[in-house]
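Grab a coffee and open the viewer. Here are some short exercises, each with a worked solution to follow on screen.

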Amino acid sequence: MSPKIIATCALLTSVALVSGCPSSGNNSGSTNANEILIGHYGSMTGSEATFGQSTDNGIKLAVEEINAAGGINGKQIKLITYDDKGDTKEVGAAVTRLVANDHVVAVLGEVASNLSLAGAPVCQEHGVPMVSPSSTNPQVTKIGDKIFRVCFIDPFQGYVCAKFAREQEGLKADKVAILYDQTQAYSKGLAEEFEKAFESLGGTICENQAYSRGDQDFTAQLTAIRSSNPDMVFVPGYYTDVGNIALQARKLGIDVPLFGGDGWDSSQLYEIGGEAVNGCYYSNHYSHEDPNPRVQDFITKYKEKHGAIPDGLAALGYDAAMLLFEAMQRASSLGGDDLAAAISQTENFDGVTGNISIDGQRNAVKPAVILEMKDGRPTYLTTIEP
Ligand code: PHE
């Protein structure tokens, strides 16, 4: 790399550059005729840092594989990742830099729905396809015709959680209390979908309480929840808050199971919540215990490269990247319109997180799994089909 390019990189300080120095480019995605640039924006740091890190690890594995297999029509894929710190205020700068300065042909990200909702309008405006690996709030892909996802959406996830709580042998909950994060579109939306589904299955919501991301003290909400005497408590938040909520719930004598959605998916959940999260449940996109050779092969390769068991985010990051590469191979050009058309025509893509077809709303329709925290480990319990 020339000293001039290094100096330019050092001057770009509005967002942290995590990997790769961006080449100034044109619409082909790179000034270098032998490579294609793609972007990733994610929470590499901040309170949900494992979301961004795992996703990036999954994407990197996919990039390594496609490049080893000869790339896309002879060109190597180059990934540029920017850290948005899990902060909506950082997202605009990170995504603008990817699409307007680096001229990436496509963007992968984000995990948290709030952050995808902030990044998607930038991609849409510049006509650059964005594929969210894991944002489940329905609004994300409604931003426009360039915005896709490879995961299921929350109306389904809410139903999955409701059906599980209502019908699972040994649980069969009648009364559930809800404690959701009012600052997150994901949490608020999932709480509403759960409530609808649980009531339509004959259950009752006995208490509904809210908190704000980063809150430290949940005593008031948990005291109200304790008084309502629930069979289970639904906590559709992100893992850092969930871990703290579980600790405080146990301290206050709430000993019924807590359960939630994919936002619990992090190796940090047990590190924060410890014993308090054992015997709790959450819905997710994949289980590392799935004996399917496609899944086990991915786990082996991921462990070799990153030295850890991949979580759902890593699997979704890998699938999002691989699905994008498959669409690139079919696209008549890598221009935004052609690439978006190719992505929208994806059918029966054999992903680690299941079979992925992109529907008319640019979403994926897939089954969900329920995991139980047992001795600090997410353990496969059951699969719920759409
Ligand atoms: N679905 C969550 C959201 O939309 C993000 C998430 C996905 C978190 C998968 C963990 C695992 O905000």
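## Exercise 1: a serine in a helix

Ser187 touches Tyr180, Asp181, Pro236 and Gly237, leaving aside residues up to four places away in sequence. Keep in mind that this is a predicted model.

**Task.** Work out which helix holds Ser187, and whether Ser187 is buried or exposed.

**Solution.**
- Step 1: find the element. Ser187 sits in helix H7.
- Step 2: check the cover. The relative accessibility of Ser187 is 1%, and the cut-off for buried is under 20%. So Ser187 counts as buried.

## Exercise 2: strand E7 and its partners

**Task.** Find out which strands E7 is joined to by bridges, and which hand the crossover from E7 to E8 has.

**Solution.**
- Step 1: look at E7 itself. This strand spans residues 175-181, and six of its seven residues are buried, which leaves E7 mostly covered.
- Step 2: take the E8 side. E7 and E8 (residues 204-211) run parallel and are joined by seven bridges. One pair to click on is Asp181 with its bridge partner in E8, Tyr211.
- Step 3: follow the chain. From E7 the chain passes through helix H7 (residues 185-200) to E8, and this β-α-β crossover is right-handed.
- Step 4: take the E9 side. Three bridges link E7 with strand E9 (residues 232-234), again a parallel pair. Here Ile178 stands opposite Phe234 in E9.

## Exercise 3: a second β-α-β unit

**Task.** Say how many bridges join E2 to E3, and which helix goes with these two strands in a β-α-β unit.

**Solution.**
- Step 1: count the bridges. Strand E2 (residues 35-42) is joined to E3 by eight of them, and the two strands run parallel.
- Step 2: pick out a pair. Gly39 has Ile80 in E3 as its bridge partner.
- Step 3: add the helix. Helix H2 (residues 49-68) completes a right-handed β-α-β unit with E2 and E3.
- Step 4: check the cover of E3 (residues 76-83). Six of its eight residues are buried, so most of this strand is covered.

## Exercise 4: around the ligand

**Task.** Name the residues that come nearest to the ligand, then say how much of the ligand's area the protein buries.

**Solution.**
- Step 1: list the neighbours. There are 14 residues around the ligand, and Ser113, Ser134, Thr136, Tyr238 and Asp262 come nearest.
- Step 2: go through the polar atoms. An N or O atom in the side chain of Tyr238 is 2.5 Å from an oxygen atom of the ligand. For Thr136, a side-chain N or O atom is 2.8 Å from a ligand nitrogen atom. Asp262 has a polar side-chain atom 2.8 Å from a nitrogen atom of the ligand.
- Step 3: look at the area. On its own the ligand exposes 330 Å², and the protein buries 100% of that.

## Exercise 5: Phe148 and its contacts

**Task.** Locate Phe148, and work out how far its C-alpha atom is from that of Ser344.

**Solution.**
- Step 1: find the element. Phe148 lies in strand E6 (residues 147-149).
- Step 2: check the cover. With a relative accessible area of 1%, Phe148 is buried.
- Step 3: compare chain and space. Phe148 and Ser344 are 196 residues apart along the chain, while 8.0 Å separates their C-alpha atoms.
- Step 4: read the contacts. Beyond four places in sequence, Phe148 touches residues including Met130, Ala340, Ile343, Ser344 and Arg362.

## Exercise 6: backbone oddities

**Task.** Decide whether Asn73 and Arg362, each with a positive phi, are buried or exposed.

**Solution.**
- Step 1: take Asn73. It is not a glycine, yet its phi is about 45 degrees. Asn73 is in the loop between H2 and E3 and is exposed, with a relative accessible area of 63%.
- Step 2: take Arg362. Its phi is near 65 degrees, and its place is the loop between strand E13 (354-356) and strand E14 (368-374). At 17% relative accessible area, Arg362 is buried.
- Step 3: add one more backbone feature. The peptide bond joining Gly109 and Glu110 is cis, with omega about -15 degrees. Glu110 is in the loop between strand E4 (106-108) and helix H4 (113-126).

Conventions:
Residues numbered from 1 in each chain as written. Predicted model: local features only at pLDDT ≥ 70, side-chain atom pairs only at ≥ 80, totals over all residues. Heavy atoms only, no water. Buried < 20%, exposed > 50% of the residue type's maximum accessible area, 1.4 Å probe, protein only. Helix = DSSP H or I, 4+ residues; strand = E, 2+ residues; numbered from the N terminus. Pairing = 2+ DSSP bridges. Right-handed = clockwise from strand over helix to strand, strands pointing away. Contact = heavy atoms within 4.5 Å. Near = heavy atom within 4 Å. Polar contact = N/O pair within 3.5 Å; in protein donor to acceptor, adjacent residues only side chain to side chain. Areas by Shrake-Rupley, 256 points an atom, 1.4 Å probe, with all protein chains shown as cover.
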